[in-house]
Each structure stands twice: as C-alpha cells, then as structure tokens.
Amino acid sequence: MNRQKLVCLLPARNCQSDLPEYLAAAERFADAIVALDDGSGDRTRELLEAHPLVQVVLANRPRATYTGWDDGANRNWLLEAAAALDPDWILSLDADERLDAADALALREFLEGDAVPGFAYGFRVFRSSRARAPAGASLPRHPDRPRAGPDRSPRAPRSDRHPALRGGH
C-alpha cells in the first residue's frame, strides 16, 4: 500500500518565533506544507520559503494591523493550493499548534489503517505549556475549535456512534 499523502495547511502571521519548532514537529507527519503568510511584518515568509517541507507559500500584502484579515478567504485559498498537490488528506494546523512525536506517529498509523477516505475528522486541541491554566480552571477556547480533553490519540470514530461506519446512513 502506498503511503497516504498528508498536506498540512499553515495560516501564519508574524510567526517567525513559532516556525522552527512548528516545522520540526510537522516533519514527523506531513508530506508537504501549504502556507499562507497573511501580511507578516517579520521574517515569517522568508522562513517558510527556505524550508524544504513547505512546497507552496501564498502571501497577502504586509500590513500593520489585522484590518483586512479574512479567515474564510485565506482558508479557501490554502485549500485550493493544497488541491494542486493531490493530497489524500489535509490537516490545518496553526503555527502555535503542535503534534508531539507520539501523536504524530498515531496520526500516521490512523491514516494508513483506520481512516475512511472521504470522511472529515476532528481532533482535540491541547494548549501548550505556555497557556496552561491553574488546576480546576478552564482555558478560553477558540469558537470553532473543540475543547481539550484527556484523550490525546487520534482515532477513527466509534462505529456504534457513527451509522456510516456500520453501513447505514
């Protein structure tokens, strides 16, 4: 069986400090990165263009503020560019998000084994140590991201909860 091609989408703005760690982590699981420099005023674009895993770098004009930011248009542009690479799977991962080595391996094993082509999978978001809250406190969450939880391994949906995996509709 051929390895499933995983393309990672990276929307970025002023992320030069995050990129070295991000790119090192992405090398564990991604076959390519399609990045969008959304108007950075730092070295974000230069770092992206220099890394061999980053196969496409899109760029919006530099600007001093977030005025003009359009997340939907940016993500559509990233998806369109990724499609040209003919991926089997696409993962969107921001510059301040990481998959550790164990999760990267679990993701690859999942894609090579249990993942069902044509399905979309959501993964839990775990905040970095920089954003840890005191015990018992909850972190604010991004409105379109799932809450963090105790299970860190990606896995296929349980068939008893998902009729499509049982052959139903």
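Okay, let's start with Glu112, which sits in helix H4, the one covering residues 101–112. Before I go on, please keep in mind that this is a predicted model. So, is Glu112 buried or exposed? Neither, really: its relative accessibility is 26%, and because buried means under 20% and exposed means over 50%, Glu112 counts as partly exposed. Its side chain also has a partner, since there is a polar contact of 2.9 Å between the side chains of Glu112 and Arg108. And here's a fun one: Glu112 and Asn2 are 110 residues apart in sequence, yet from C-alpha to C-alpha they are 8.7 Å apart in space.

Now let's zoom out to the whole chain. There are 169 residues, and 36% of them count as buried. You'll find five helices and four strands. If you walk along the sequence, the pattern goes β-α-β-α-β-α-β-α-α. Remember the Glu112 and Asn2 pair? Here's the chain-wide number to go with that: take the contacts between residues at least 6 apart in sequence, and 66% of those join residues at least 24 apart. As for the outside, the chain exposes about 10500 Å², with carbon and sulfur atoms supplying 51% of that area.

Next up is helix H3, residues 71–83. How far does H3 reach from its first C-alpha to its last? The 13 residues of H3 span 18 Å, close to the 18 Å you'd expect at 1.5 Å a residue. Which residues of H3 are buried? They are Asn74, Leu78, Ala81 and Ala82. If you look down the axis of H3, those buried residues fall within an arc of 100 degrees, so they line one face of the helix. What do they pack against? Strand S1 (6–12), strand S2 (32–38), strand S3 (54–60) and strand S4 (89–92). Flip to the other side of H3 and you get Asn76 and Glu80, which are exposed.

Let's move to a single residue, Thr44, in helix H2, which runs over residues 44–50. Thr44 has 0% relative accessibility, so Thr44 counts as buried. Who does Thr44 touch? Leaving out residues up to four places away in sequence, the list is Ala12, Asn14, Cys15, Gln16, Leu19 and Asp37. With Gln16 we can be more specific: a polar atom of the Thr44 side chain lies 3.3 Å from the backbone nitrogen of Gln16.

Asn14 was on that list of Thr44 contacts, and Asn14 is worth a stop for its backbone. First, a bit of background: most residues other than glycine have a negative phi. Asn14 is not a glycine, but its phi is positive, about 50 degrees. Where is Asn14 found? In the loop between S1 and helix H1 (19–26). With a relative accessible area of 38%, Asn14 is partly exposed.

Asp86 is another one with a positive phi in a residue other than glycine, near 55 degrees. Asp86 lies in the loop between H3 and S4, so let's check its surroundings on the model. How exposed is Asp86? Its relative accessible area is 61%, and because the cut-off for exposed is over 50%, Asp86 goes into the exposed group.

To wrap up, try finding two things on the model yourselves: Thr44, which is buried, and the exposed Asp86. Okay, that's me done.

How values were computed
Residues numbered from 1 in each chain as written. Predicted model: local features only at pLDDT ≥ 70, side-chain atom pairs only at ≥ 80, totals over all residues. Heavy atoms only, no water. Helix = DSSP H or I, 4+ residues; strand = E, 2+ residues; numbered from the N terminus. Buried < 20%, exposed > 50% of the residue type's maximum accessible area, 1.4 Å probe, protein only. Polar contact = N/O pair within 3.5 Å; in protein donor to acceptor, adjacent residues only side chain to side chain. Contact = heavy atoms within 4.5 Å. Areas by Shrake-Rupley, 256 points an atom, 1.4 Å probe, with all protein chains shown as cover. Expected span 1.5 Å × (residues − 1). Arc of directions from axis to C-beta.
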